[in-house]
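Hi,

Here is the structure I promised to pass on. Have a look at it first, and then read on for what turned up.

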Amino acid sequence: GGGGVTGVSYNPDQRYTGVKVKFRPTPPGGRRGAEGAREVFIGMFPSGKTVITGAVRWEEVLQSYEFARSVLCDNFVHLRVPLADTPAPCRKKARK
(Lines give C-alpha, C1' and ligand atoms only; values in the text may rest on other atoms or scores of the structure.)
Protein backbone atom coordinates (compact mmCIF):
# COMPACT_ATOMS: atom_id res chain seq x y z
CA GLY A 1 0.00 0.00 0.00
CA GLY A 2 1.02 3.59 -0.40
CA GLY A 3 0.79 6.57 1.86
CA GLY A 4 0.60 10.24 1.17
CA VAL A 5 2.94 13.19 0.76
CA THR A 6 2.50 15.84 3.45
CA GLY A 7 5.15 18.26 2.16
CA VAL A 8 7.97 18.78 -0.34
CA SER A 9 10.70 21.42 -0.37
CA TYR A 10 13.81 22.19 -2.39
CA ASN A 11 16.06 25.21 -2.10
CA PRO A 12 19.25 24.93 -4.20
CA ASP A 13 20.72 28.05 -2.57
CA GLN A 14 21.01 26.39 0.82
CA ARG A 15 23.74 24.06 2.08
CA TYR A 16 21.32 21.10 1.94
CA THR A 17 21.20 20.11 -1.74
CA GLY A 18 18.50 17.46 -1.56
CA VAL A 19 14.77 17.41 -2.10
CA LYS A 20 13.02 17.09 1.25
CA VAL A 21 9.84 15.00 1.21
CA LYS A 22 7.56 14.46 4.20
CA PHE A 23 5.72 11.20 3.61
CA ARG A 24 3.06 9.50 5.71
CA PRO A 25 3.03 5.72 5.15
CA THR A 26 -0.27 3.87 5.39
CA PRO A 27 -0.52 2.53 8.95
CA PRO A 28 -1.34 -1.11 9.75
CA GLY A 29 -4.92 -1.89 8.78
CA GLY A 30 -4.73 0.45 5.77
CA ARG A 31 -6.47 3.41 7.36
CA ARG A 32 -4.98 6.29 5.38
CA GLY A 33 -4.88 9.53 7.37
CA ALA A 34 -5.48 7.68 10.62
CA GLU A 35 -4.54 9.31 13.90
CA GLY A 36 -1.08 8.30 14.98
CA ALA A 37 0.16 7.82 11.42
CA ARG A 38 3.88 8.54 11.53
CA GLU A 39 5.51 11.14 9.28
CA VAL A 40 8.67 9.88 7.57
CA PHE A 41 11.34 12.14 6.06
CA ILE A 42 12.80 11.23 2.67
CA GLY A 43 15.86 13.13 1.44
CA MET A 44 16.69 12.65 -2.25
CA PHE A 45 20.07 13.95 -3.42
CA PRO A 46 21.60 14.74 -6.85
CA SER A 47 24.08 11.89 -6.31
CA GLY A 48 21.14 9.46 -6.49
CA LYS A 49 21.37 8.60 -2.81
CA THR A 50 18.26 8.63 -0.68
CA VAL A 51 17.95 8.91 3.09
CA ILE A 52 14.84 7.73 4.93
CA THR A 53 14.42 8.71 8.59
CA GLY A 54 11.64 8.64 11.13
CA ALA A 55 10.33 5.18 10.27
CA VAL A 56 9.93 2.71 13.12
CA ARG A 57 8.46 -0.33 11.37
CA TRP A 58 10.08 -2.06 8.40
CA GLU A 59 6.83 -1.63 6.42
CA GLU A 60 7.19 2.18 6.78
CA VAL A 61 10.71 1.99 5.33
CA LEU A 62 9.50 -0.20 2.44
CA GLN A 63 6.57 2.11 1.61
CA SER A 64 8.80 5.19 1.77
CA TYR A 65 11.49 3.59 -0.39
CA GLU A 66 8.96 2.39 -2.96
CA PHE A 67 7.44 5.89 -3.13
CA ALA A 68 10.86 7.54 -3.66
CA ARG A 69 11.93 4.88 -6.19
CA SER A 70 8.73 5.24 -8.21
CA VAL A 71 8.97 9.05 -8.31
CA LEU A 72 12.57 8.90 -9.54
CA CYS A 73 12.05 6.06 -12.03
CA ASP A 74 8.72 7.33 -13.40
CA ASN A 75 10.16 10.82 -13.94
CA PHE A 76 13.76 9.99 -14.91
CA VAL A 77 13.51 11.62 -18.35
CA HIS A 78 12.43 14.91 -16.74
CA LEU A 79 14.80 14.79 -13.76
CA ARG A 80 18.08 13.72 -15.33
CA VAL A 81 20.76 16.28 -16.03
CA PRO A 82 22.79 15.63 -19.17
CA LEU A 83 26.52 15.39 -18.51
CA ALA A 84 27.52 16.83 -21.91
CA ASP A 85 27.66 20.38 -20.49
CA THR A 86 29.82 19.32 -17.57
CA PRO A 87 33.62 19.44 -17.89
CA ALA A 88 35.28 16.05 -17.57
CA PRO A 89 37.03 15.48 -14.24
CA CYS A 90 40.82 15.72 -14.24
CA ARG A 91 42.51 12.36 -14.31
CA LYS A 92 45.93 11.65 -12.91
CA LYS A 93 48.44 10.32 -15.40
CA ALA A 94 49.17 6.64 -14.99
CA ARG A 95 52.67 5.73 -13.84
CA LYS A 96 54.90 3.92 -16.30
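To start with a residue worth finding on your screen: is Phe23 buried or exposed? Phe23 is buried, with a relative accessible area of 1%. Before going further, please keep in mind that this is a predicted model.

First, the overall layout. The chain has four strands and two helices, and along the sequence they come in the order β-β-β-β-α-α. There are 96 residues, of which 19% count as buried. The chain exposes about 7,800 Å², and carbon and sulfur atoms supply 56% of that area. As for contacts between residues at least 6 apart in sequence, 30% of them join residues at least 24 apart.

Back to Phe23. A search of the whole structure for aromatic pairs gives one. Phe23 and Phe67 make up this pair, and the rings are stacked, with 4.8 Å from centre to centre and 20 degrees between the planes. The two partners come from distant parts of the chain: Phe23 sits in strand 2 and Phe67 in helix 1, 44 residues apart. While Phe23 is buried at 1%, Phe67 is partly exposed, with a relative accessible area of 23%.

Phe23 also belongs to the largest nonpolar core, which has five residues: Val21, Phe23, Ile42, Met44 and Ala68. At least two residues of this core come from strand 2, and at least two from strand 3. Phe67 is partly exposed at 23%, and a nonpolar core takes in buried residues, so Phe67 is not counted in this one. Phe67 does turn up among the contacts of Val21, though. Setting aside neighbours within four places in sequence, Val21 touches Val5, Gly7, Val8, Val40, Phe41, Ile42, Met44 and Phe67. Ile42 and Met44 in that list are core members too.

Now the charged side chains. How many salt bridges does a search of the whole structure find? The search comes up with four.

One of them joins Arg24 and Glu39, at 3.3 Å from N to O. This pair links distant parts of the chain, with Arg24 in strand 2 (residues 19-24) and Glu39 in the loop between strand 2 and strand 3 (40-44), 15 residues apart. Arg24 is partly exposed at 28% relative accessibility, and Glu39 is partly exposed at 36%.

Another lies within helix 1 (residues 58-74), where Arg69 and Glu66 are three residues apart, about one turn of the helix. The closest N and O atoms of Arg69 and Glu66 are 2.6 Å apart. Here again both partners are partly exposed, Arg69 at 33% relative accessibility and Glu66 at 39%.

Then there is the salt bridge between Arg57 and Glu60, at 3.7 Å from N to O. Arg57 is partly exposed, with a relative accessible area of 27%, whereas Glu60 is buried, at 4%. Which residues are linked with Glu60 in a network of salt bridges? They are Arg38 and Arg57.

If you only have a minute, I would look at two places: the stacked pair of Phe23 and Phe67, and the network of Arg38, Arg57 and Glu60.

Cheers

Note on methods:
Residues are numbered from 1 along each chain as its sequence is written. This is a predicted model: local features need pLDDT of at least 70, side-chain atom pairs count only at pLDDT 80 or more; totals for chains, interfaces and linings use all residues. Side-chain values use heavy atoms; hydrogens and water are left out. Buried means under 20% relative accessible area, exposed over 50%, partly exposed in between (1.4 Å probe, protein chains only). Contact means heavy atoms within 4.5 Å. Accessible areas come from the Shrake-Rupley method with a 1.4 Å probe; for residues, only the protein chains shown count as cover. Rings of Phe, Tyr and Trp (its six-membered ring) pair if their centres lie within 6.5 Å; planes under 30 degrees apart count as stacked, over 60 as edge-to-face and the rest as tilted. A nonpolar core is a set of buried Ala, Val, Leu, Ile, Met, Phe, Trp, Tyr and Cys residues joined through side-chain atoms within 4.5 Å.
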